[in-house]
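Dear colleague,

I am handing over the structure that we spoke about, with the sequence and the coordinates shown just below. Please keep it open beside you while you read my notes.

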Amino acid sequence: MELGLYTFADVDPNAENKGAEAHRRLKDLLEEIELADQVGLDVFGLGEHHRADYAVSSPSTVLAAAAVRTKNIRLSSAVSVLSSDEPVRVFQQFSTVDLLSDGRAEIMAGRGSFIESFPLFGYDLGDYDQLFSEKLDLLLAIRDQEVLSWNEGRLRPPINARGVYPRPLQDRLPIWIAVGGTPESVARAGAMGLPLAIAIIGGEYRRFAPMFDLYREAARRAGQDPAALKTSINVHGFIADTTEAAAEQFYGPQAEVMNRLGRERGWGPTSRAHFDAARGPQGNLFLGEPEVVAEKIVAAHRVFRNDRFLLQMAIGLMPHAQIMRGIELYGTKVAPLVRKELTGSADGAKPTA
């Protein structure tokens, strides 16, 4: 199983100098990606947002910078909001990242959990589902055909025998579908034979197991080989030297973000009691000292049979030094424990290709 990180690159939305705040966060972010590579983690993903509280609106740009500072880690969006973007440009940008990184780029495509990009780029929210369906179809066609003729959409003009360049170094640029748990989206990903990432950010993690069953059954019914399809769970959590330190460091920034988003969306306020329940053995937060987090990752793998596990540690205004220590512990302590348990390797070393 691949182990990795993802982040939205949170910044202070109330900072007076927003340029300086974003500059600070992006410099720290590149150090975090570089450390994740050095300690042997497998994947780093960046989410696309168009809001004052996040610094990354263009994941491919930041990943291109990371590509020349890293050697082995895979570099992915998490997610690209394909519905409000241009599939030709998305493919070109990630092909460029792939070339710069010697073949380590991926796209994680989704509708996105925020809607700011739709009016920003002139799209009608009434076309929310149709936009994603058409643009995903086009993105896959671009991946599979160097010279493309495409006339399958209602909302996007046709393309007539045009080449799309540059082509990536990988034979087929990996394209994942990221969902928040909508059954129709899960089944569609399975039927299309695309790898699936499910975000688990609330409740007991086991309740998402039927989604993976649905995914594999939809793949089987469509003639896909379920055994060949990859799956990921993307979760919140944090790692520190002790479980008590992890909880104390993570609770404040995470609660501030969840309450801020809750006020926008009509959720009730979170509390320390909610947080402590969520970090329990069955909860959605993967948080604690290395042994605790490794044990929970392995337990979740037994439930989901997932091929990838991505952890979002940098939520809210987490101090950079704490994030760096968490990444170090993830790579040097948690990952070897998980790999040893899942592969039987005596030393828990990262498997070689």
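What follows is a short account of what was found in this structure, which is a predicted model.

I begin with strand S10, which covers residues 231-239 and is mostly covered, with 9 of its 9 residues buried. As a general point, side chains in a regular strand alternate between the two faces of the sheet. In S10, Thr 231, Ile 233, Val 235, Gly 237 and Ile 239 point one way, while Ser 232, Asn 234, His 236 and Phe 238 point the other way, and all of them are buried.

The pairing of S10 with other strands can be followed residue by residue. Strand S9 (residues 196-200) pairs with S10 in the parallel sense over 5 bridges, and Ile 200 stands opposite Val 235 of S10. Strand S12 (residues 308-312) is also joined to S10 by 5 bridges, and these two strands run parallel; here Asn 234 has Leu 310 of S12 as its bridge partner. Strand S11 (residues 286-288) runs parallel to S10 and is joined to it by 3 bridges, with Phe 286 of S11 as the bridge partner of Gly 237.

Phe 286 also leads into the aromatic residues, since it belongs to one cluster together with Tyr 205, Phe 212, Phe 304 and Phe 309. The charged end of Lys 296 sits over the ring of Phe 286, at 4.9 Å from its centre.

Both Lys 296 and Phe 304 are among the buried residues of helix H10, a list that also holds Pro 290, Val 293, Ala 294, Ile 297, Val 298 and Ala 300. H10 itself runs over residues 290-304, has 15 residues, and reaches 21 Å from its first C-alpha to its last, which is close to the 21 Å expected at 1.5 Å a residue. Just after the helix, Arg 305 takes a positive phi of about 55°.

Two residues of H10 turn up again in the surroundings of Glu 341, a residue of helix H11 (residues 320-343). Once its neighbours within four places in sequence are left aside, Glu 341 is in contact with Val 298 and Arg 302. Its C-alpha lies 9.2 Å from that of Ala 294, although Glu 341 and Ala 294 are 47 residues apart in sequence.

A search of the whole structure finds 11 aromatic pairs. One of them is formed by Tyr 251 and Phe 275, whose ring centres are 5.0 Å apart and whose planes meet at 65°, so the pair counts as edge-to-face. This pair links distant parts of the chain, with Tyr 251 in helix H8 and Phe 275 in helix H9 (residues 272-278), 24 residues apart. Phe 275 has a relative accessible area of 3% and is therefore buried. The ring of Tyr 251 has a further partner in Arg 272, whose charged end sits over that ring, 5.2 Å from its centre.

Helix H8 (residues 243-265) also holds Arg 260, which counts as buried because its relative accessibility is 14%, under the 20% cut-off. Its side chain makes a polar contact of 2.9 Å with the side chain of Glu 256. Apart from neighbours within four places in sequence, Arg 260 is in contact with Pro 13 and Asp 53.

Lastly, some features of the backbone deserve a look. A cis peptide bond joins Ala 78 and Val 79, with omega at about 15°, and Val 79 lies in the loop between strand S3 (74-77) and strand S4 (80-81). Another cis peptide bond joins Tyr 165 and Pro 166, with omega at about 0°; Pro 166 lies in the loop between strand S7 (159-163) and strand S8 (175-179). Strand S7 is also the place of Ala 161, a residue other than glycine whose phi is positive, near 50°. Asp 102, which is not a glycine either, has a positive phi of about 60°. Asp 102 is found in the loop between helix H3 (87-100) and strand S5 (105-110), and its relative accessibility of 62% is why it counts as exposed.

With best wishes

Conventions: Residues are numbered from 1 along each chain as its sequence is written. This is a predicted model: local features need pLDDT of at least 70, side-chain atom pairs count only at pLDDT 80 or more; totals for chains, interfaces and linings use all residues. Side-chain values use heavy atoms; hydrogens and water are left out. Helices (H or I, at least four residues) and strands (E, at least two) are DSSP runs, numbered from the N terminus. The expected span of a helix is 1.5 Å times one less than its number of residues. Buried means under 20% relative accessible area, exposed over 50%, partly exposed in between (1.4 Å probe, protein chains only). A polar contact is a pair of N or O atoms within 3.5 Å; within protein, one must be able to donate a hydrogen and the other to accept it, and residues adjacent in sequence count only if both atoms are side-chain atoms. Contact means heavy atoms within 4.5 Å. Rings of Phe, Tyr and Trp (its six-membered ring) pair if their centres lie within 6.5 Å; planes under 30 degrees apart count as stacked, over 60 as edge-to-face and the rest as tilted. A charge sits over a ring if NZ of Lys or CZ of Arg is within 6 Å of the ring centre and within 35 degrees of the ring normal. Two strands pair if DSSP finds at least two bridges between them.
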